[in-house]
Amino acid sequence: TIPGSIFPNKPSRLATRDYKTGKLTLNVGALAGRRNVGAGVSNESYTLTEEPGKKVKVEATFAGTDYSETYNGVESIAGDFGSGKDMLTLDDEFALPVDVKGGAGVDTLIVNNTTMPSGKLTKDTVGTITYKKFSTLNIVLGNIDNTFTIASTAKGTMTKIKTGGGNDTVYVQGTGGPTTVDTGQTGGGTVTIGTNLDKIKG
């Protein structure tokens, strides 16, 4: 019998791409066993960055080791984190459709919208990003003049909007859960609440 210890460890596999549809599924939650690393970790933390040419960089850290993989030919992204205290960070504007779910734990979704001058949140959708069952949604705007509209927010999710260093305007048309807007960065900002256009300047 050849001992298994003489064979090298299997390479990490943070996600799986369907070669027919281009759908990239994150190996998290019930699919954690597929990634060959951190299979027993329930508190998962992933960072995704969309790159030109339908490429997506996926990063994660398990047991103090950083892993980074880039997937080509991606048409959409999906992930179901399940239980645990999970965090998903989406860096910069995503043009690809993203459909992600948190779970029973305290889960956080961070959307770094740092390069686009405008954006909109409608209940459980930010641009092309659809999310469910996240305890907290953090949207971070960049150091440019931003205009961001909150049409509504998801019930059961703490929504936090943080503006950058530009002269920003945030329109709050409605909320379904606790919502805060932080305009404390240099450059100030204006928050317009409701259809009567009441303004709060920061």
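**Strand 12 and two buried residues**

Let's start with a pair: Asp99 stands opposite Thr130, and Thr130 is in strand 12. Before I go on, keep in mind that this is a predicted model.

So who are the neighbours of strand 12? On one side there's strand 8, residues 98-101, which pairs with strand 12 in the parallel sense over 4 bridges. Then there's strand 11, residues 125-126, and that one runs antiparallel to strand 12, with 2 bridges joining them. Thr130 turns up here again, as the bridge partner of Thr125. Strands 11 and 12 form a hairpin with 2 residues between the strands, and in that hairpin Gly127 takes a positive phi near 60 degrees.

Now, which side chains of strand 12 are buried, and which are not? They alternate along residues 129-132. Ile129 and Tyr131 point to one face and are buried. Thr130 and Lys132 point to the other face and are not.

Stay with Tyr131 for a moment. Leaving aside neighbours within four places in sequence, Tyr131 has a long list of contacts, among them Val100, Leu109, Leu121, Leu137 and Ala154. That list also takes in Thr125 and Val126, and residues 125-126 are strand 11, the antiparallel partner we just met. Tyr131 also belongs to the largest nonpolar core, which has 39 residues. Along with Tyr46, Leu48, Leu88 and Ile139, Tyr131 is one of the residues with the most contacts inside that core. And which strand gives the most to this core? That's strand 4, residues 55-62, with 4 residues.

Next stop, Ile110, over in strand 9, which covers residues 108-113. With a relative accessible area of 16%, Ile110 counts as buried, because the cut-off is under 20%. Setting aside the neighbours within four places in sequence, Ile110 is in contact with Met87, Leu88, Thr89, Leu90 and Asn138. Leu88 we've already heard about, as one of the residues with the most contacts inside the core. Here's another thing about Ile110: Lys160 is 50 residues away in sequence, yet the two are 9.5 Å apart in space, C-alpha to C-alpha.

Last one: Thr16, in strand 1, residues 15-17. Buried or exposed? Thr16 is buried, at a relative accessible area of 17%. What does its side chain do there? It shares a polar contact of 3.2 Å with the side chain of Asn27. Asn27 is also among the contacts of Thr16 outside four places in sequence, together with Lys23, Leu24, Thr25 and Arg34.

That's my tour, thanks for listening.

How values were computed:
Residues numbered from 1 in each chain as written. Predicted model: local features only at pLDDT ≥ 70, side-chain atom pairs only at ≥ 80, totals over all residues. Heavy atoms only, no water. Buried < 20%, exposed > 50% of the residue type's maximum accessible area, 1.4 Å probe, protein only. Contact = heavy atoms within 4.5 Å. Pairing = 2+ DSSP bridges. Core = buried A, V, L, I, M, F, W, Y, C linked by side-chain atoms within 4.5 Å. Polar contact = N/O pair within 3.5 Å; in protein donor to acceptor, adjacent residues only side chain to side chain.
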